[in-house]
Amino acid sequence: MTERSELVEQLRWKKIPVLNDGFVCLVDVMGDDSSIVQAARVSYGEGTKRVSDDRTLIRYLMRHRHSTPFEMAELKFLVRVPMDCWRQWIRHRTANVNEYSTRYSVAIDSAQTTLPGEWRTQATSNRQGSDAPLPEDVGTQLTAEETEFQEKARAVYEARLEAGVAREQARKDLPLATYTEAYWKIDLHNLIHFLSLRMDSHAQWEIQEYSRAIGEQIVKPLFPVVWEAFEDYRQGAMFLTRLDKGVIERLMAKAAADSLAPPFSPELFLEVQDETWKALKRSRERDECQSKLERMGILKAE
């Protein structure tokens, strides 16, 4: 058995735990790093082999977003995930999915639970995100209430089944914390896109945990060269808009004229901001631009 085959067998059906009772596991995989190279050379011709090794070619493809060769590899997973997290997951309509049905089967007797220190406050700058944890004493009360609610909801559900209520109707009051399971098959290009969005710090923490498990513990060992390129050109990269570039150019011009050195002040940033932002009390584009420049060390962090 080859080293690659041994690796696949080690990963196949290995349940990688996520949250309190979730998991991801590899069911099957088609292709490896060389599959991307082979697909690319069908387009570019055999001649590229003399001027570019496999790693260089994969990095070129990732850097220039030539996505088709990455579609030649596929991965199939079995995942157990809370229903509310699954709603975000299933929005990525680029996979083949077969989910556990609570019309045909009794709902999985497990729900995501929250430790006292895991309750998060609503973010003030991001209406769809969360922020710092709530105080421990508040979290302790919330966890106790969560446990009581989940136990009651499950008892109501099971009582309905015992009374003869159809499974499709008995399930309607189960909480979104209830775990579901699904087979999820996706090509490597669309998986990379999924991971770039869901591993991002702006994504919900729970789906970040699932994405990190898939990416770091399954994709990385199976496609090491692709993963290296993904980290360099997608996950660790930064996208600059035309407006961002304009701000940087004006900052550099102002710095040269006034003999200033970075990091520049927030006041100078506001002075050279895009004209379309100036009349706005709140601009998401301006905030994002400022955040990018802070991460690049061009601006002082507020």
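In the next few minutes I will go through the binding-site residues listed for this protein, then one helix, and then a single aspartate. Please keep in mind that what we are looking at is a predicted model.

Let me begin with the annotation. The UniProt entry, which is unreviewed, lists under "binding site" the residues Gln 88, Trp 89, Ile 90, Arg 91, Glu 99, Tyr 100, Ser 101, Thr 102, Arg 103, Arg 171 and Arg 198. These positions are spread over 111 residues of sequence, and they are spread in space as well, with up to 29.4 Å between C-alpha atoms.

I would like to take two of the listed arginines in turn. Arg 171 sits in the loop that runs between helix 6 (167–170) and strand 7 (179–187). Is Arg 171 buried or exposed? With a relative accessible area of 28%, Arg 171 falls in between and counts as partly exposed. If we set aside the neighbours within four places in sequence, Arg 171 is in contact with Thr 102, Arg 103 and Tyr 157, and Thr 102 and Arg 103 are themselves on the UniProt list. With Thr 102 there is also a polar contact, side chain to side chain, at 2.9 Å.

Arg 198, by comparison, lies in helix 7, which covers residues 188–198. Arg 198 counts as buried because its relative accessibility is 14%, and the cut-off for buried is under 20%. Which backbone oxygen does the side chain of Arg 198 reach? That of Gln 88, at 3.2 Å, and Gln 88 is another of the listed positions. Again leaving out neighbours within four places in sequence, the contacts of Arg 198 include Gln 88 and His 92, and also Ile 207, Gln 208 and Ser 211.

Those last three residues, Ile 207, Gln 208 and Ser 211, bring us to helix 8, residues 205–222, where they are among the buried positions. Helix 8 has 18 residues and reaches 25 Å from its first C-alpha to its last, which is close to the 26 Å expected. There is nevertheless a bend of about 30 degrees at Gly 215, and Gly 215 is itself buried, as are Ile 214 and Ile 218.

Finally, let us turn to Asp 244, which has its place in helix 10, residues 242–258. Asp 244 counts as buried because its relative accessibility is 3%. A polar atom of the Asp 244 side chain lies 2.9 Å from the backbone nitrogen of Thr 241, and, not counting residues up to four places away in sequence, Asp 244 touches Phe 239, Cys 289 and Lys 292.

Notes: Residues numbered from 1 in each chain as written. Predicted model: local features only at pLDDT ≥ 70, side-chain atom pairs only at ≥ 80, totals over all residues. Heavy atoms only, no water. UniProt positions renumbered as here; feature names shortened; annotations may be inferred. Helix = DSSP H or I, 4+ residues; strand = E, 2+ residues; numbered from the N terminus. Buried < 20%, exposed > 50% of the residue type's maximum accessible area, 1.4 Å probe, protein only. Contact = heavy atoms within 4.5 Å. Polar contact = N/O pair within 3.5 Å; in protein donor to acceptor, adjacent residues only side chain to side chain. Expected span 1.5 Å × (residues − 1). Bend = angle between axes of the 7 residues up to and from the residue.
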